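Subject: Structure handover

Hello,

Here is the structure for your project. My notes follow below it.

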Amino acid sequence: MADQLIYLDNAATSWPKPDSVGEAMVHFLTHKGGNPGRGGHRLAREASQVLEEARTKLAKLVHAPCPQRMILSHGCTDALNLAIHGVLRADMRNRCDGTKPHVVTTAIEHNAVLRTLHCYATSDLITMTVVACDDQGYVHPEKLIEACTDCTVLMTLSHASNVLGTIQKIPETIKAVRAHNEDILIMVDAAQTAGHFPIDVQAWDIDLLPLAGHKGLRGPTGTGGLYVSPRAYPDECDKTRVFCQRRGGTGSMAPGLEMPTNLPDALEAGTSNAVGFAGLIAALDALTPEVHEHEMAMTEQVLNGLHALDAVTIYGLPTIEGRTPVVLFNIEGVHPREVMAKLDAEHGIAVRGGVHCAPLLHEAIGTRSDGGVRVSPGSGTTARQIEIFLDAIRAMCPQNV
Ligand code: PMP
């Protein structure tokens, strides 16, 4: 068993977090541990302030028009579920012509999207079109436009694939789709891009932006957010296109059985992960452009090293241009799970091997049955660690030994 630890699985969750994240969480638990929004006492008020600060910072990060449109969630899956169930249920309630809502989704989506939609489609509650991607992982706007019908209510497009790291050209794509359909709600899954890549929900005309706090933003697990646009949730609340299926206490309108209709309360029932958001604030404060530059430099070193090995196939884009700090590869004749297990057991290197949570993308790139090895460097990765990783891979390649 190796005594070193080289963590190259930052696309799953970033590690290590900045020291200030843990410190802020300990400080919260020690000094501010009230229930946010519940009770007028000091600890409750201070916990509420933590949530509002996190909300404001996340809203600013993605250029939301106001903090209230940033719903705090327990991660990106939670935010995606809130958005998908919310839009479909609202549409089903408002639709009175006997037709079913139609959803356009893509082959690059994560299971958090696909499984949620699949459940509606197999229950015959929606119709759905899955748009293919090319072998670099790009989804072409004209295919998305072709897939739309008169009943399309929602389009989902991952900002970057968790398998290939390919970043979609979101502004151009949305502009092209909007030229044909002004009204459709467009959701962009930013799980893999928030913190790595600038996002502007207003300039890009995004309606729903689910994001994770624990990946590129380097916050704790159990944190995330969902931006909701005025098109999806207009200020006149009776026209909302996102039904709040999660119901419960919000701290506001306590005596009534109806949920409040104002954002964020309408979509944020239950006690939030305030300790997590205290950590996320510290993470957001520690985020600088240099962090991402470093991660991309490490990714380039991985790519250059792997390109030199004849027995290695790299999937997707050839260089760091247009990608997040993620590389998927396979070694000829060695199962990706074996690569992962050997790296872990013999070298203390953490990568992810096998089929990742995006089955349609694996099908598109020909790795459906075995998957691939995913390497995702982070802010704590060093050039020396990448050299050790590449040496270990080289030793597993039959013709390069
Ligand atoms: N979407 C994508 C593209 C992802 O990569 C992930 C996490 N692997 C998710 C959604 C789900 O995020 P979370 O782990 O925060 O629930």
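Start with S376, which is buried, with a relative accessible area of 1%. Buried here means under 20% relative accessible area, exposed over 50%, and partly exposed in between (1.4 Å probe, protein chains only). S376 sits in the loop between β13 (372-375) and α11 (383-396). Its side chain reaches the backbone nitrogen of N10 at 2.9 Å. That fits the polar contact rule: a pair of N or O atoms within 3.5 Å; within protein, one must be able to donate a hydrogen and the other to accept it, and residues adjacent in sequence count only if both atoms are side-chain atoms.

Before you go further, note that this is a predicted model: local features need pLDDT of at least 70, side-chain atom pairs count only at pLDDT 80 or more, and totals for chains, interfaces and linings use all residues. Residues are numbered from 1 along each chain as its sequence is written, and side-chain values use heavy atoms, with hydrogens and water left out.

The ligand

The ligand has 13 residues around it (a heavy atom within 4 Å). The closest are T77, D189, Q192, H214 and K215. By type, the shell holds 4 nonpolar residues (Ala, Val, Leu, Ile, Met, Phe, Trp, Tyr, Cys, Pro), 2 charged (Asp, Glu, Lys, Arg) and 7 polar (the others, Gly among them). Helix α3 (residues 76-94) gives the largest share of the shell, 3 residues.

Three polar contacts are worth a look on screen. A backbone N or O atom of C76 lies 2.8 Å from a ligand oxygen. A polar side-chain atom of K215 is 2.9 Å from a ligand nitrogen. The side chain of H110 has an N or O atom 3.2 Å from a nitrogen atom of the ligand. Taken alone, the ligand exposes 400 Å², and the protein buries 86% of that (Shrake-Rupley method, 1.4 Å probe).

Cysteines

How many disulfides are there? The count is 0, with a disulfide taken as a pair of cysteine sulfur atoms within 2.5 Å. For C133, the nearest cysteine sulfur is that of C357, 17 Å away. C133 is buried at 14% relative accessible area. C244 is buried too, at 11%.

The whole chain

The protein chain has 11 helices (H or I, at least four residues) and 13 strands (E, at least two), taken as DSSP runs numbered from the N terminus. Its C-alpha trace spans about 70 × 55 × 35 Å along the principal axes. Of its 401 residues, 55% are buried.

Best wishes
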